[in-house]
Amino acid sequence: MAAARRLARLVGHFPIGHGQLQVAGPGRAAARSDEPVVVRVGIYGAGGHTRNAHAPSLRAMPGVEIVAIADPDLKLASALAADFAPGARLYADGAAMLEAEQLDALFSVVPARVRPQGVEAAAARKGVHLFSEKPQALDMATARTIAEAVAEGGVVSSVGFRERYRPLFRAARDFLADKEVVHCVFRSYGGLPGKASAGPSWWGGFELRGTSYVATGTGEALPSQTYIGGAMLDWGCHAVDYMRYMTGQDIVGAQAWYHHPPEYDAPLAASINFQWGNGGTFQSTFVQSGPAPDRQPWFTIFFVGGC
């Protein structure tokens, strides 16, 4: 049970996952109850998200050891290991790490565009529990491949939708528990997409330059829309998760539109209409055209008798 509790904290602390928790990791017999259990974690992606959030959290957890780190930029991987996991083995390739190591859990902190390479699905099939930084995929084929692998491997899979743990959203869920939700609105406004100076390397060996990403060593520039799905997927998946959490509803249908002139690296407008399981509706809209209107709420939820 000690291993189960630690894995639940480690990978299942975002209750979005699917699959069954396995106490014994791949190739490992379940430890006797009187034996100390160490959960062995491999990190895939050594950029700013890992350095600022995931590695410190993992290091602070008792019974958790970061045993390996993979990133195309081995300098980043080495620096991360020096600060958070001295002795962790380093790899330039996630698949190579997965092949060489006996992991209990994989933390995949790479841009979604990388996931069709199959590291996450391969890990799940090996019985390695999976945490993925959001968004997990940019296309349905990749999402379904990972979901099928999770079911096949019988593992916990969780995506980093952290905001539902804020007291505000929990209070909203409690307030709406006895309400009949009929319509939800999410709005996000921003300035025109622009070319800025190089930002921090949030994605490890994949460097952000302005609003484009460049794969280290290749010089291949890709707009953020191609790389992480733009704001609608990169941040909009949080909005969808909030709404699902607050309303207790799930989505049964969707339509989406983008307005993306080719001279911009990201869409100027994007909108998705959803239908809830109870017949209600939900509209999520992102606009990047200039100054935002004053005092516009991000979330509005309408229910029978009020909003």
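1. A residue counts as buried when its relative accessible area is under 20%. By that cut-off, 47% of the 307 residues of the chain are buried. The model is a predicted one.

2. Overall make-up. The chain holds 10 helices and 14 strands. Its accessible surface comes to about 14700 Å², and carbon and sulfur atoms account for 54% of that. Take the contacts between residues at least 6 apart in sequence: 70% of them join residues at least 24 apart.

3. Start with Arg115. It sits in the loop between strand S4 (105-108) and helix H5 (119-125). Is Arg115 buried or exposed? Its relative accessible area is 2%, under the 20% cut-off, so Arg115 is buried.

4. What does the side chain of Arg115 reach? One partner is the backbone oxygen of Pro135, at 2.9 Å. Another is the backbone oxygen of Ser108, which lies 3.1 Å from a polar atom of the Arg115 side chain. Beyond its neighbours up to four places away in sequence, Arg115 touches Ser108, Val110, Glu120, Ser132, Glu133, Pro135, Gln136, Thr142 and Ile146.

5. Two other residues of that loop deserve a look. Val109 lies between S4 and H5. Val109 is buried, because its relative accessible area of 0% is under 20%. Its C-alpha is separated by 9.8 Å from that of Asp71, though the two are 38 residues apart along the chain. Arg113 also lies between S4 and H5. With a relative accessible area of 36%, Arg113 is partly exposed. Arg113 and Gln136 are 23 residues apart in sequence, and their C-alpha atoms are 9.1 Å apart.

6. Now Pro135, already met as a partner of Arg115. Pro135 is in the loop between S5 and H6. The peptide bond that joins Lys134 to Pro135 is cis, with omega at about -15 degrees.

7. Next comes helix H6, residues 140-153. Its 14 residues reach 20 Å from first C-alpha to last, close to the 20 Å expected at 1.5 Å a residue. Which residues of H6 are buried? They are Thr142, Ile146, Ala149, Val150 and Gly153. Seen down the axis, the buried residues of H6 fall within an arc of 100 degrees, so they line one face of the helix. The general rule helps here. An α-helix has 3.6 residues a turn, so residues three or four places apart point the same way.

8. The other side of H6 has exposed residues: Met140, Ala141, Glu148, Ala151 and Glu152. What covers the buried residues of H6? The cover includes H5, strand S5 (129-132) and strand S6 (157-159). Two of those buried residues, Thr142 and Ile146, are also among the residues that Arg115 touches.

9. Look at both ends of H6. At the N-terminal end, Asp139 acts as a cap: one of its side-chain oxygens lies 3.2 Å from the backbone nitrogen of Ala141. Just after H6, Gly154 takes a positive phi of about 65 degrees.

10. Aromatic rings. The whole structure has 10 aromatic pairs. One of them is Phe175 with Phe303: the ring centres are 5.7 Å apart and the planes stand at 70 degrees, so the pair is edge-to-face. The pair links distant parts of the chain, with Phe175 in helix H7 (residues 167-176) and Phe303 in strand S14 (residues 299-303), 128 residues apart. Phe175 is partly exposed, at a relative accessible area of 47%. Phe303 is buried, at 11%.

11. A second pair is tilted. Tyr242 and Phe299 lie 5.3 Å centre to centre, with 55 degrees between the planes. This pair too links distant parts of the chain: Tyr242 is in helix H10 (residues 236-247), Phe299 is in strand S14, and they are 57 residues apart. How exposed are the two? Tyr242 has a relative accessible area of 3% and is buried. Phe299, at 24% relative accessibility, counts as partly exposed.

12. Which residues do ring pairs link into a cluster? The cluster consists of Phe169, Phe186, Tyr242, Phe286, Trp298 and Phe299. Both Tyr242 and Phe299 from the tilted pair belong to this cluster.

Technical notes: Residues numbered from 1 in each chain as written. Predicted model: local features only at pLDDT ≥ 70, side-chain atom pairs only at ≥ 80, totals over all residues. Heavy atoms only, no water. Helix = DSSP H or I, 4+ residues; strand = E, 2+ residues; numbered from the N terminus. Buried < 20%, exposed > 50% of the residue type's maximum accessible area, 1.4 Å probe, protein only. Contact = heavy atoms within 4.5 Å. Areas by Shrake-Rupley, 256 points an atom, 1.4 Å probe, with all protein chains shown as cover. Polar contact = N/O pair within 3.5 Å; in protein donor to acceptor, adjacent residues only side chain to side chain. Expected span 1.5 Å × (residues − 1). Arc of directions from axis to C-beta. Phe/Tyr/Trp six-rings, centres within 6.5 Å; stacked < 30°, edge-to-face > 60°.
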